[in-house]
Structure formats: C-alpha cells, structure tokens
There are 2 protein chains.
Amino acid sequence: MQQSIREIKSMGSFKNNVFDDIPDVMPEEILQDLLVTPGVRIERIVSRGQSSPPGFWYDQPEGEWVIVLRGAAILEFEGEAEPHRLLSGDHLNIPPRRRHRVAWTDPDQPTVWIAVFHADRRAD
Amino acid sequence: MQQSIREIKSMGSFKNNVFDDIPDVMPEEILQDLLVTPGVRIERIVSRGQSSPPGFWYDQPEGEWVIVLRGAAILEFEGEAEPHRLLSGDHLNIPPRRRHRVAWTDPDQPTVWIAVFHADRRAD
C-alpha cells in the first residue's frame, strides 16, 4: 500500500486519542478509564500542577505500570532519597504495595499519563 | 515543590524511555517486552515501513489494547471496508480473535506503539 503521510492524515479516524479533550482550565486531575477488564484497567490521567497532598502515599493492592506521554512529573517512592523525574516516553512499573506519591506535575502544560493497573501480585 | 521545567530536565532519570534505542536502519520490526506478568504483557513495537504480509491476519487468543505514540500506521480488520488510521495518541482495543493486520507503517519515520496484551477473554 503506497500512502503519503499527507494522505494518511486526511483519512478519517475511528478511534480515541489520548491528547483530545483536554480543557484549558483544570481545577482537578482528569481520570478516565480507557479499558476495563477483570484483570487489567487502563486509565488516562491528565494533570496540570496537581500533586499528592503532603505526607500522602498511594498504597495499592495492584501493580501499576505508568508512562508519561506529554508534560512532566516527579514521582517519589517511600524510603528513596532520589525522586523520579518523568518526561515524555518515560515509563516504570510500581509493584503492589510500593508506597509512592506524585510530588509535582508541571503547572504550565498538561501532563498526560497512561496507567495500566494489573491485578496479579506476582508481577515483577 | 517549586520546580522549573529546566530544572526538571536536568534531573537524572532512573527509568526507561520508549523513544530510546531506535536504530536508523531497521530491516525488521523491533519487539520488546516492557512488563510481563501472568495476566498482562506490555510490549513496545517499533516499525519503519513494515507491514503484515498480504493475506496474513493476526488471530490472537488474548485481547490487545494498542496505542501509537509516534509515527503513523494503518490497521485493517477482517470484514471491515474502512481501514483504521493511527497517528500519535490514537488508541483502540482489539478483542480476542478479532482478525486484523497492519496494512502500512510509515517508511520515513519510526512508528512507536505500545501494546497491552490482556488475557482475560471477557474484555469488552
């Protein structure tokens, strides 16, 4: 199939796009399920300056693989001296019960995350 | 925490990045597992002009949620007249046993996909 990028971009789309529907003003984070099955949940998260409250730690029974697609964020893990900086394309897996918090998200642009929550506790 | 985007970008990274390690010449697609658990497998796919052989259909027992992060691709489903154009941020879920093929990927730039294979057949 011979196609130019110009032709491709003119084709209709039947899909959803993770960068669509991001409002200019976001008093709260936007959380949207993209796929829900008994074993996995894929969520879109859009942040703009939001962070976890001081002293708050997420402590989840499921594992969470997370990737930042746009923007910038800082993730902290309990007991670790160095926070984790996340920019576009950075991904990591948070094991079940690994206490973590979002220390910072960029206030000047939307930060778009995809989180894959996986229930199996044997995840590495 | 007050941070400028400049400070953030100078911080060390402890993570993997899906846009790293893409060679200039790619005779074959690159397939890399990013996370493997008994219930979910997350794979990075990098294509550059590759497509499914004529008449070939993927026919998988598991569901596959897929997103294109960079580049461009065209996906076809058996029995559907219109192919699906995928550009950065476009995502869709391929149910188990839904026969599909990659009709085209952009030969002029790498196309970076994330695929989440989820075993549960009750997925919608």
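**Exercise 1. Registry in the three-stranded sheet of chain B**

Which residue is the bridge partner of B:A73 in β8(B)? Use the answer to place the strands of this sheet in the predicted model.

*Solution.*

Step 1. The bridge partner of B:A73 in β8(B) is B:T105. A further pair in the register joins B:E76 to B:R101 of β8(B).

Step 2. These pairs belong to the contact between β5 (residues 72-77) of chain B and β8(B), which run antiparallel and share 5 bridges.

Step 3. On β6(B), the residue opposite B:A73 is B:L86. The pairing of β5(B) with β6(B) is likewise given as antiparallel, over 4 bridges.

Step 4. The resulting open sheet of 3 strands in chain B has the order β6-β5-β8, with antiparallel pairing. Because β6 (84-87) and β8 of chain B each have a single partner strand, they stand at the edges, and one side of each lacks a neighbour in the sheet. Direction ignored, neighbouring strands of this sheet are turned against each other by 30° on average.

**Exercise 2. Burial and the hairpin**

Determine whether the residues of β6(B) and β8(B) are buried or exposed, and examine the connection between β5(B) and β6(B).

*Solution.*

Step 1. A residue counts as buried at under 20% relative accessible area.

Step 2. In β6(B), B:H84 and B:L86 lie on one side and B:R85 and B:L87 on the other; all of them are buried, and both faces of the strand are covered.

Step 3. Strand β8 (residues 100-105) of chain B is mostly covered, with 6 of its 6 residues buried.

Step 4. The hairpin of β5(B) and β6(B) has 6 residues between the strands, and B:G79 takes a positive phi near 85° there.

**Exercise 3. The sheet that spans both chains**

Establish the strand order of the 6-stranded sheet and identify its edges.

*Solution.*

Step 1. The order is β1(A)-β7(B)-β4(B)-β9(B)-β3(B)-β2(B); the sheet is open and its pairing antiparallel.

Step 2. The edges are β1 (16-17) of chain A and β2 (30-36) of chain B, each of which pairs on one side only.

Step 3. Within this order, β4 (residues 63-70) and β7 (residues 90-94) of chain B pair over 4 bridges in the antiparallel sense. One of the partnerships places B:E64 against B:I94 of β7(B).

**Exercise 4. The two largest pockets**

Describe the volume and lining of the largest pocket and of the second largest pocket.

*Solution.*

Step 1. The largest pocket has a volume of about 360 Å³. Its lining comprises 20 residues, and those closest to its centre are A:E29, A:L31, A:I45, A:Y58 and A:V102.

Step 2. The elements giving two or more residues to this lining are β3 (40-47), β4 (63-70), β8 (100-105) and β9 (111-118) of chain A. The largest share, 3 residues, comes from β3(A). By class, the lining of the largest pocket holds 11 nonpolar, 6 polar and 3 charged residues.

Step 3. The second largest pocket contains about 220 Å³ of space. It is lined by 14 residues, with B:E43, B:I45, B:Y58, B:E64 and B:V102 nearest its centre.

Step 4. For the second largest pocket, β3 (40-47), β4, β8 and β9 (111-118) of chain B each give two or more residues. This lining has 9 nonpolar, 2 polar and 3 charged residues.

**Exercise 5. Confidence**

State the scores that accompany the model and the confidence for chain A.

*Solution.*

Step 1. The model scores ipTM 0.87 and pTM 0.88.

Step 2. Chain A has a mean pLDDT of 89, and 84% of its residues reach 70 or more.

Step 3. Predicted coordinates should not be read in detail where pLDDT is low.

Notes
Residues are numbered from 1 along each chain as its sequence is written. Chains are lettered from A and ligands numbered from 1 in the order in which they are written. This is a predicted model: local features need pLDDT of at least 70, side-chain atom pairs count only at pLDDT 80 or more; totals for chains, interfaces and linings use all residues. Side-chain values use heavy atoms; hydrogens and water are left out. pLDDT is the predictor's confidence in each residue, from 0 to 100. Two strands pair if DSSP finds at least two bridges between them. Buried means under 20% relative accessible area, exposed over 50%, partly exposed in between (1.4 Å probe, protein chains only). Axes are lines fitted to C-alpha atoms, for helices over the stretch in contact, and angles run from 0 to 180 degrees between N-to-C directions. On a 1 Å grid over the protein atoms alone, a cavity is a set of points where a 1.4 Å probe fits but cannot get out, and a pocket is an open set with protein on both sides within 12 Å along at least five of seven lines; lining residues have an atom within 4 Å of a point. Grid points are joined across faces, edges and corners, and a volume is the space filled by probe spheres set on the points. Ala, Val, Leu, Ile, Met, Phe, Trp, Tyr, Cys and Pro count as nonpolar, Asp, Glu, Lys and Arg as charged, and the others, Gly among them, as polar.
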